[in-house]
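Trainee: I should like to go through the ligand sites of this model with you. May we begin once it is displayed?

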Amino acid sequence: MASSSSLFHASLSSFIDPKPKPNPSPSPFYRNPVAKHRPSPIITCTSTASNNNSPPPAAPKLRRAVEENIRDEARRHRPSDKGFSAKYVPFNAGFDSAESYSLDEIVYRSRSGGLLDVEHDMEALAKFDGAYWRRLFDSRVGRTTWPYGSGVWSKKEWVLPEIDDDDIISAFEGNSNLFWAERFGKQFLGMSDLWVKHCGISHTGSFKDLGMTVLVSQVNRLRKLKRPVVGVGCASTGDTSAALSAYCASAGIPSIVFLPANKISMAQLVQPIANGAFVLSIDTDFDGCMKLIREITAELPIYLANSLNSLRLEGQKTAAIEILQQFDWEVPDWVIVPGGNLGNIYAFYKGFKMCKELGLVDKIPRLVCAQAANANPLYLHYKSGWKEFNPVKANSTFASAIQIGDPVSIDRAVYALKNCDGIVEEATEEELMDAMAQADSTGMFICPHTGVALTALIKLRKSGVIAPGDRTVVVSTAHGLKFTQSKIDYHSKVIPEMECRFANPPVEVRANFGAVMDVLKDFLNKPPKCKA
Ligand SMILES: Cc1ncc(COP(=O)(O)O)c(C=O)c1O
Ligand SMILES: N[C@@H](CCOP(=O)(O)O)C(=O)O
């Protein structure tokens with residue numbers, strides 16, 4: 001099996017134009033799938049590929065003139081218009097719905113108050129076969145070509161096909177590593193094919209960058225189109241606000257963030273402060289902040305940046321495509337994602353589903369959504385057999401970024417899980433902190449939310465639902481360095497009613513040779529804490 005690094009050796013030029021495939025297969029994503037005769041695509045083909053099955057030729061060396069920057073260079077090489085497009089439609093509306101909105105409109109809800117979804121012209125995308133898309137995406141990995149150096153914009157045709165490259169605000173996010181968790185898998189789970197997709201190794205330290213580059217780019221476009229957007233706002237448990245403020249600062253757009261007072265980590269709080277956002281610390285929880293930002297954005301020309309806004313999910317879905325790409329387009333058996341406001345679980349589903357619909361792969365993985373037991377409305381809904389959804393009052397959890405009781409994307413999450421034979425699991429505070437400490441002891445440094453996902457994996461392994469040889473990907477959603485206080489508390493064993501079984505506190509010793517020798521001898525004579 002190829003490693004992620006093999007993607008960096010792909011050599012097709014980033015500027016190739018698509019070649020049509022002879023017989024596009026129909027897709028259930030079509031809303032009006034009645035076109036009997038597909039017109040030939042209008043293509044000005046500058047492709048160097050001879051046919052869809054031939055290996056890509058070596059990329060020509062395109063040297064930029066000294067006075068040019070990479071945006072100028074992209075302008076020179078701008079690919080021709082392939083007729084790809086996308087629009088907002090009511091989420092899961094059915095084929096008879098005629099309601100739709102241009103992405104240049106400012107709209108977050110359907111006429112009936114439901115969620116929206118970004119719908120791509122799948123017929124136009126399906127004019128090119130799976131092999132074409134795989135090759136195109138592979139050819140763009142690991143480059144600095146604007147905007148394809150980004151893991152999100154390397155899939156631009158599937159994200160925001162119509163945005164001008166000039167309007168894109170990107171920190172070349174995405175392309176995060178997918179690593180083999182060899183020791184954790186072997187030692188704690190008897191697993192041989194366990195992987196961690198580290199979305200926390202990113203510009204602002206979480207997966208939110210993937211969605212925010214898309215949303216802020218579209219806002220940049222809207223402002224150029226003179227749409228009334230004076231700033232962009234969000235409610236946040238810390239990561240959304242960090243990403244929003246960074247991308248807005250990069251674009252020179254004001255950002256406004258609503259944070260629940262004393263409920264986010266210091267590292268998260270300092271991010272919007274440093275990036276010049278207008279930061280409101282509000283005496284409520286995340287759900288209270290979310291309610292307020294929705295009311296405020298309905299009154300003021302502040303654009304809503306939470307994942308209620310379906311643009312965000314278009315960027316987040318690229319992490320799923322990346323996983324397939326990193327496995328050389330082999331499909332893993334399981335993907336486990338921690339869930340809070342529940343946009344991301346749907347984004348993963350959508351990414352996988354599009355790859356199947358467009359022929360890049362032939363199936364999708366089963367998804368597991370993992371919640372903290374202290375904030376588990378989806379878990380309770382799942383356990384009830386999807387009967388009735390009831391929001392909960394979310395209690396305090398070390399997985400503070402998912403302390404959410406009334407998730408805005410509940411309908412999206414349920415749809416995704418039902419359509420992939422998905423599972424929902426939960427983790428108590430002790431379980432998630434123990435899982436985090438165990439993972440860290442094998443060389444990781446994960447966030448508590450990833451501890452929630454690992455707990456779900458541990459439980460599903462124990463019950464035999466996940467088999468030892470199943471290829472399983474755990475999505476690590478944020479960098480552990482954002483959540484050091486929880487680790488300090490755990491290793492200091494100061495958490496009330498928690499045994500902290502895997503704590504590894506520092507040993508205090510006098511500055512004296514004999515004293516140091518004594519503690520070292522003691523340490524060396526003990527059996528190792530864990531075997532490889
Ligand atoms: C670190 C982290 N993990 C997981 C999540 C859950 O993602 P979602 O809200 O899309 O379910 C969030 C935010 O909610 C987060 O910040
Ligand atoms: N964890 C999130 C909560 C808000 O989620 P969003 O995806 O709807 O913005 C955060 O970091 O704020």
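Mentor: A polar contact is here a pair of N or O atoms within 3.5 Å. Please keep in mind that the model is predicted.

Trainee: Which residue has a polar backbone atom 2.7 Å from an oxygen atom of ligand 1?

Mentor: Oxygen atoms of ligand 1 lie 2.8 Å from a polar backbone atom of Leu342 and 2.8 Å from one of Asn344. At 2.7 Å from an oxygen atom of ligand 1, the polar backbone atom belongs to Asn341.

Trainee: What percentage of the area that ligand 1 exposes when taken alone does the protein bury?

Mentor: Ligand 1 sits in the largest cavity, and 15 residues surround the ligand, with Asp239, Gly340 and Thr477 among the closest. By class, this shell divides into six nonpolar, seven polar and two charged residues. Taken alone, ligand 1 exposes 380 Å², of which the protein buries 98%.

Trainee: Which residue offers a side-chain N or O atom 2.7 Å from an oxygen atom of ligand 2?

Mentor: A backbone N or O atom of Ala401 is 3.0 Å from a nitrogen atom of ligand 2. A polar side-chain atom of Asn306 is 2.9 Å from an oxygen atom of ligand 2. The side chain with an N or O atom 2.7 Å from an oxygen atom of this ligand is that of Thr240.

Trainee: How many charged residues does the shell around ligand 2 have?

Mentor: Ligand 2 is surrounded by 13 residues, the closest including Ser236, Thr237, Ser307 and Arg312. Of the shell, seven residues are polar and three nonpolar, and the number of charged residues is three.

Key
Residues are numbered from 1 along each chain as its sequence is written. Chains are lettered from A and ligands numbered from 1 in the order in which they are written. This is a predicted model: local features need pLDDT of at least 70, side-chain atom pairs count only at pLDDT 80 or more; totals for chains, interfaces and linings use all residues. Side-chain values use heavy atoms; hydrogens and water are left out. A residue is near a molecule or strand if one of its heavy atoms lies within 4 Å of it. A polar contact is a pair of N or O atoms within 3.5 Å; within protein, one must be able to donate a hydrogen and the other to accept it, and residues adjacent in sequence count only if both atoms are side-chain atoms. Ala, Val, Leu, Ile, Met, Phe, Trp, Tyr, Cys and Pro count as nonpolar, Asp, Glu, Lys and Arg as charged, and the others, Gly among them, as polar. Accessible areas come from the Shrake-Rupley method with a 1.4 Å probe; for residues, only the protein chains shown count as cover. On a 1 Å grid over the protein atoms alone, a cavity is a set of points where a 1.4 Å probe fits but cannot get out, and a pocket is an open set with protein on both sides within 12 Å along at least five of seven lines; lining residues have an atom within 4 Å of a point. A molecule sits in a cavity or pocket if more than half of its atoms lie within 2 Å of its grid points.
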